[in-house]
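Work through the exercises below with the coordinates open beside you, and attempt each task before reading the solution under it.

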Amino acid sequence: MIDCPALRPFLLAALVLGNASISPAEESRIYQFTPAKLQYTPGPVDNPLRGLVPYQGPRPDRFPYSMEFNYLPLSALVKDPEQYDWSVFDAMLDDIASRGRQTVARVFLEYPGKENVIPEFLVDRGLKVHKYVNTNTAPLPPANIETPDYEDANLRKVMVDFIAAWGKRYDGDPRLAYLTAGMLGTWGEWHTYPKTELWASKEVQKEIYEAYSKAFKKTPILLRYPAGPNDSLSADSLPYAFGYHDDSFAYATLSSGRPEDDWFFLPTMKRAALTERWKEAPIGGEIRPEVWGCCFDEPPCTAPTQGFAACRDQLHATWLMDTGLNQKEKASPERYDRAIAAVQKMGYDIEVAAVSAETSAEDSIAVTVTLRNRGIAPFYHHGWHAKLQLLAQGNDKPIVINTDWSPRLIQPGEVKTFAHTIDTSQLRSGKHELRLRLPNPMPGGKPLRFANENVDPETGSLTLATLSVQSDQNR
């Protein structure tokens, strides 16, 4: 057995027993493994499960993206106690998947300007509904809203039962990227400001926490407000493995130094001792409408303490809803280029850092691949596993080798090494390309493209090495 460093050719010898007319002593196979030269380059801005997220059905030529967002009223899904109509949710997932994108979704019970979002059977059975004009709707004008009594026992049971059924049907569905918890508050954003007297009690909030925690083990769930045990309005979320979403990103994200701004996102994260949560669960959100688009200008329209890059890096943000780059008018080339550079640094950035091989047994080689995360956050999702491919020279159909290699939770700056033994007994003489790809488990979805030069932009395939096979009958 010969074991030489990666990035230098070497020979691997193994006996071949397949030809009965030639004794093993007379015939052997020689393998020459020549690693490719691997060079880092940032992964594309529309790599899956990260970046900017437009609303469902965006203009296709505005800005590269891998996910679309939309939300639905609870009334569209719950028709009676434990009676659900999933067709509208499936239609949304399928429509977005038809464009090769995955969905960020939310379900709500109240929305300024919308009626009939509360399941009618609950109102018929005595649910109290508060109707008033909501003034906290900027940049839109004030609008009528209907806020349910969140303490109502029937409503509470319906919400908990719905989440359980939702998770049973969709947890780990590859069409579904992230869920923001929703259910409670204006737009499902977990507040009824300025009418805080209508807000759900901590007991109700905890019931929703528990329901999501039990129902969704794979699909990431994000809460709007980080909270520790001493928060005045929000139940303690520390014991639960949720991510969080900042819906005032680049406007009220970082500390301003003013006491009246203590509700800003990062100060709230610090008070709740959740500033390290990004290592296990994603941080998302929405760029605040007041700074749509112009947050990427130079100088930006954000406050000096709220620059996009600083907010991105301190939160370790993976995705953000955005409408600013999807307007009727296209962004200027200068704004577009700055946005590309800024968004490209969101979330994970997985590089293939090294590859090597050694003989493992007769007619097999053990390939070792090292991945490095050059991003600011991990890759969070289950169900993504790399595939190796061997493509013979002159052939257009590779041999596909499944592995259990996953990029999940490789922390920024960390490396993780994987190994897999490949049976080479059926390889014919000649040259074979060894490739690596990380396909999207959603059919038609964008593959994860490694942060390397020479990655195929369509398939995500990266050539790792050339494997030459020769028969030597004189050994």
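The exercises that follow concern a predicted model, and they go from the whole chain to single contacts.

**Exercise 1. The chain as a whole**

Task: Determine how many helices and strands the protein chain has, and what share of its residues is buried.

Solution: The secondary structure amounts to seven helices and 21 strands. Of the 475 residues in the protein chain, 54% are buried, and the C-alpha trace spans about 90 × 50 × 40 Å along its principal axes.

**Exercise 2. An aromatic pair**

Task: Classify the ring pair formed by Y209 and Y240, and state which parts of the chain the pair ties together.

Solution: A pair of aromatic rings is described by the distance of the centres and the angle of the planes. The structure holds 30 aromatic pairs, and in the one formed by Y209 and Y240 the centres are 5.2 Å apart while the planes make an angle of 55 degrees. Planes under 30 degrees apart would count as stacked and those over 60 as edge-to-face, so the pair of Y209 and Y240, at 55 degrees, is tilted. Next, Y209 lies in helix α4 (residues 202–215) and Y240 in the loop between β11 (221–223) and β12 (243–249), so that the pair joins parts that are 31 residues apart in sequence. Both rings belong to residues that count as buried, because the cut-off is under 20% relative accessible area: Y209 has 1% and Y240 has 8%.

**Exercise 3. Two helices**

Task: Describe how helix α3 (residues 153–170) and α4 pack.

Solution: The axes of α3 and α4 are 8 Å apart and make an angle of about 15 degrees. Angles under 35 degrees count as roughly parallel, and α3 and α4 are therefore roughly parallel to each other. Their crossing is right-handed.

**Exercise 4. An enclosed strand**

Task: Establish to what extent strand β16 (residues 364–373) is enclosed, and how β16 pairs with β19.

Solution: Eight of the ten residues of β16 are buried, so the strand is largely enclosed by the rest of the structure. β16 pairs with strand β19 (residues 415–423) in the antiparallel sense, over nine bridges, and L371 has K416 as its bridge partner in β19.

**Exercise 5. Rings and charges**

Task: Find which residues form a cluster through ring pairs, and which ring lies under R101 and which under the charged end of K195.

Solution: The cluster linked by ring pairs consists of Y84, W86, F89, F162, W166, Y170, Y212 and F216. R101 lies over the face of Y65, at 4.2 Å from the ring centre, whereas the charged end of K195 sits over the ring of Y132, at 5.2 Å from its centre.

Technical notes:
Residues numbered from 1 in each chain as written. Predicted model: local features only at pLDDT ≥ 70, side-chain atom pairs only at ≥ 80, totals over all residues. Heavy atoms only, no water. Phe/Tyr/Trp six-rings, centres within 6.5 Å; stacked < 30°, edge-to-face > 60°. Helix = DSSP H or I, 4+ residues; strand = E, 2+ residues; numbered from the N terminus. Buried < 20%, exposed > 50% of the residue type's maximum accessible area, 1.4 Å probe, protein only. Lys NZ or Arg CZ within 6 Å of the ring centre and 35° of its normal. Pairing = 2+ DSSP bridges. Axes fitted to C-alpha atoms, helices over the stretch in contact; angles between N-to-C directions. Parallel < 35°, antiparallel > 145°, perpendicular 65-115°, else oblique. Left-handed = near helix turned anticlockwise from the far one by under 90°.
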